[in-house]
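Me: Please justify, term by term, how the contacts in this model are classified.

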There are 4 protein chains.
Amino acid sequence: MPSRKDIPSIVKNQRLVDQRRQQIIRAAVRAFHEKGYHRTTTREVAAAAGFSIGTLYEYIGSKEDILFLVCDAVYDDVTARWKELQQSDGTGLERLRQVMEAYFRSVDDLQDAVLVMYQETKSLSGDALAYVLEKETRMQQVFQQELAEAEKLGVIHLSEEARPLFAHQILVAGQMWTFRRWALSKHYSIDTYIRLQIDQLFYGLRVQDERKETCGS
Amino acid sequence: MPSRKDIPSIVKNQRLVDQRRQQIIRAAVRAFHEKGYHRTTTREVAAAAGFSIGTLYEYIGSKEDILFLVCDAVYDDVTARWKELQQSDGTGLERLRQVMEAYFRSVDDLQDAVLVMYQETKSLSGDALAYVLEKETRMQQVFQQELAEAEKLGVIHLSEEARPLFAHQILVAGQMWTFRRWALSKHYSIDTYIRLQIDQLFYGLRVQDERKETCGS
Amino acid sequence: MPSRKDIPSIVKNQRLVDQRRQQIIRAAVRAFHEKGYHRTTTREVAAAAGFSIGTLYEYIGSKEDILFLVCDAVYDDVTARWKELQQSDGTGLERLRQVMEAYFRSVDDLQDAVLVMYQETKSLSGDALAYVLEKETRMQQVFQQELAEAEKLGVIHLSEEARPLFAHQILVAGQMWTFRRWALSKHYSIDTYIRLQIDQLFYGLRVQDERKETCGS
Amino acid sequence: MPSRKDIPSIVKNQRLVDQRRQQIIRAAVRAFHEKGYHRTTTREVAAAAGFSIGTLYEYIGSKEDILFLVCDAVYDDVTARWKELQQSDGTGLERLRQVMEAYFRSVDDLQDAVLVMYQETKSLSGDALAYVLEKETRMQQVFQQELAEAEKLGVIHLSEEARPLFAHQILVAGQMWTFRRWALSKHYSIDTYIRLQIDQLFYGLRVQDERKETCGS
DNA sequence: CATGAATGAGACTTCATTCAT
DNA sequence: GATGAATGAAGTCTCATTCAT
């Protein structure tokens with residue numbers, strides 16, 4: 001049940017609605033990225049989308065709806081990539097790696113949208129916020145399940161207590177790429193970033209573990 | 001030389017300025033946390049601080065300045081805690097643990113302020129943004145140095161390439177506690193969170209490392 | 001090329017823009033005349049013009065722009081009257097008289113606007129002020145040329161040194177009618193005023209000229 | 001009866017009041033000249049005068065009062081100069097010349113104050129305005145009397161009808177020097193200006209008078 | 001379906017004035 | 001008599017949203 005927020009549209013022709021909304025998303029992401037959600041006017045979004053303010057409001061009910069459109073676009077992209085993965089045959093650690101990379105790639109492709117979604121979304125009002133958080137939670141749960149799977153297979157060792165945190169960690173590691181991009185992109189390409197992040201998540205600091213250690217004896 | 005943004009104040013008495021600004025920070029954090037920076041009016045901040053709108057503007061030059069006040073308060077707190085640590089005699093892994101924990105505790109104590117700073121800060125205008133990013137960078141570099149130190153002592157193994165990323169990772173791990181608090185606080189207390197985060201950052205997923213491996217054989 | 005200040009308008013329809021701006025000018029002149037520019041609020045101008053404050057700002061960029069609108073209206077009127085004169089066939093003293101009278105009549109017709117322009121204009125900020133002064137200068141030069149022409153024809157005797165001053169004098173003689181109207185209108189009708197002013201400008205005090213003199217001898 | 005506007009002062013010591021008010025006038029003239037009356041804050045005047053805002057209000061009742069102080073200073077100066085003239089023994093045309101020159105010199109000396117008075121004064125509220133206009137009227141009447149005197153002596157020929165206008169003309173000729181200074185000072189020094197103005201007022205354009213003409217016959 | 005002019009609540013900020021110290 | 005912190009009314013301008021064409 002892909003719980004899609006019901007955004008009112010005066011226009012009936014669904015094909016047209018979808019097309020126009022794609023335009024809106026593209027325009028909004030660009031504009032929000034440059035000036036932030038609050039500093040961007042609906043007029044600017046309309047203009048960037050190539051139609052008039054009146055037309056914009058034929059396809060949305062309020063400015064907040066534009067944010068939803070952007071959010072859904074982001075989630076849909078990640079979900080789609082994961083669905084493709086379903087058919088691939090990775091398992092164990094490899095599977096984990098693939099799921100993470102798919103997510104990171106998605107974030108990179110939609111970086112502006114993710115950033116916008118990420119920064120502006122939290123200041124929404126109750127109803128709206130709940131919807132977004134629920135989507136976030138769903139993604140976090142996907143990672144949590146994958147971790148549980150890997151644990152079951154014995155390829156990782158992650159206490160049940162730590163598992164939710166780790167799922168969040170992965171999620172945030174992806175978002176980081178957008179909201180710390182001003183610093184990260186000085187050091188890393190997306191490929192390097194993905195490699196290092198996965199490495200770091202897997203192995204940490206390679207501390208001489210005082211506890212479990214060590215092999216023999 | 002802690003590069004303090006120069007916020008204009010009409011009032012001369014510095015003692016009073018400091019006191020009033022503390023009130024402003026407290027009020028602003030509370031208000032921004034509830035409604036977000038953009039949705040909070042300056043009047044509301046003034047009211048929450050216990051004085052009139054006119055008085056508020058005797059101590060700041062513009063609404064943005066309030067954000068700076070909040071930022072500085074946050075950075076000052078972390079810095080102060082680190083300074084205390086200076087005199088403690090931790091070394092190696094223990095030292096690293098202490099620096100991280102001090103930061104995490106600071107974030108927890110000022111969680112609302114950190115969240116506000118974190119979410120609203122990025123949508124500032126050029127000049128203002130630069131100031132905040134510079135502060136962020138300085139913190140990241142503190143972690144980077146600590147990591148370099150630990151590396152030199154041989155207690156961790158972190159490639160030079162990965163070091164900046166890891167420093168960011170620690171920083172974000174702290175901020176996470178505020179901006180994903182809606183989810184994290186369901187599972188963890190701050191103590192647990194700190195323990196698990198440090199553990200995770202140190203050891204990752206305890207993957208059976210395919211590469212370096214492995215003891216016997 | 002009558003260097004028209006570019007006042008931004010959100011509305012595109014030029015026909016409408018012109019019409020609304022006429023309304024604004026009329027309303028502004030009335031309001032400014034009663035309370036002065038600074039004491040009149042934009043809201044009052046909007047109300048007097050018959051639309052909302054929001055609509056007002058669809059046709060101007062700032063309060064100052066209203067003053068420009070008024071100025072242009074005044075200059076345009078005078079210029080238009082002079083253009084009509086072009087085709088008339090006055091020459092010599094008659095021509096001079098006509099140019100001056102046309103100007104005086106214009107001032108009288110738009111007296112409120114002229115007064116407003118006259119009193120409020122000087123306290124504008126750099127850029128804005130320059131624009132108005134340039135227009136004033138242009139008018140002064142028109143008189144200067146007319147005087148030069150008359151001089152060449154030998155119908156007046158005005159040293160080259162005194163010519164710019166005299167042009168200013170005429171200009172001010174017109175403005176006087178608005179800014180000393182509180183006193184002048186007690187004594188004179190506009191017709192009388194014009195007659196006396198021209199007479200005074202032409203003949204001065206009919207002093208027994210001590211210098212040039214005199215007829216015989 | 002020099003009808004002095006009663007400006008309230010909390011301070012009783014009259015000597016101190018006078019001294020402080022001199023400071024206020026000087027500071028106000030400078031400030032108003034630079035930024036205009038409305039754009040200048042009372043704080044700025046106080047600062048320029050060398051004391052605090054609180055102290056300023058010990059010597060005036062409201063911002064408007066500062067304008068009165070300036071006005072009175074101007075009128076007092078002119079009046080003082082005329083009083084000196086009383087004792088000189090000029091008569092006829094020479095006397096007229098002296099009265100005008102005294103006025104022009106006064107205007108030049110206090111040019112900033114005159115300009116301020118001139119531009120800002122008209123937008124005052126009823127009561128205040130009346131006071132200033134009355135002062136203006138009194139000055140105009142001085143000129144009118146002088147003209148009547150000269151007429152009686154037969155040194156000028158000015159119809160009774162034209163006399164009030166001419167008195168205004170002289171007054172405005174003085175004020176011109178301040179409010180068209182931006183243009184006039186390019187061409188003339190104050191000495192030249194005075195010479196040319198008097199000449200112009202006396203002789204006009206030296207038109208070949210079509211009417212009265214001419215000496216003989 | 002598209003347009004864009006109109007609306008007006010509400011935001012930030014200024015500044016004349018007061019009054020306790 | 002001097003100070004300057006506090007006040008809050010009021011001003012300019014923005015912008016999400018509507019609706020007649």
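Me: What makes the pair formed by Asn13(D) and DNA strand F a polar contact?
Reply: In this predicted model, a polar backbone atom of Asn13(D) is 3.4 Å from a phosphate oxygen of DNA strand F. A polar contact requires a pair of N or O atoms within 3.5 Å, so this pair qualifies.

Me: Which side chains make polar contacts with phosphate oxygens of DNA strand F?
Reply: Among them are Tyr57(C), with a polar side-chain atom 2.4 Å from a phosphate oxygen, and Thr55(D), with a polar side-chain atom at 2.8 Å. Both distances lie within 3.5 Å, and therefore both pairs count.

Me: Why does Ser52(A) still count as making a polar contact with DNA strand E?
Reply: A backbone N or O atom of Ser52(A) lies 3.5 Å from a phosphate oxygen of that strand. The cut-off is within 3.5 Å, so the pair is accepted. For Ser52(C), a backbone N or O atom lies 3.3 Å from a phosphate oxygen of DNA strand E, and a polar side-chain atom of Thr55(C) lies 2.7 Å from one.

Me: What makes Arg20(B) a residue near DNA strand F?
Reply: Arg20(B) is listed with Tyr59(B), Tyr57(C), Val11(D) and Lys12(D) as coming nearest, out of 43 residues around the strand. To be near, a residue needs a heavy atom within 4 Å, so Arg20(B) belongs to this surface.

Me: How do the residues of the surface near DNA strand F divide by class?
Reply: They comprise 15 nonpolar, 16 polar and 12 charged residues.

How values were computed: Residues are numbered from 1 along each chain as its sequence is written. Chains are lettered from A and ligands numbered from 1 in the order in which they are written. This is a predicted model: local features need pLDDT of at least 70, side-chain atom pairs count only at pLDDT 80 or more; totals for chains, interfaces and linings use all residues. Side-chain values use heavy atoms; hydrogens and water are left out. A polar contact is a pair of N or O atoms within 3.5 Å; within protein, one must be able to donate a hydrogen and the other to accept it, and residues adjacent in sequence count only if both atoms are side-chain atoms. Ala, Val, Leu, Ile, Met, Phe, Trp, Tyr, Cys and Pro count as nonpolar, Asp, Glu, Lys and Arg as charged, and the others, Gly among them, as polar.
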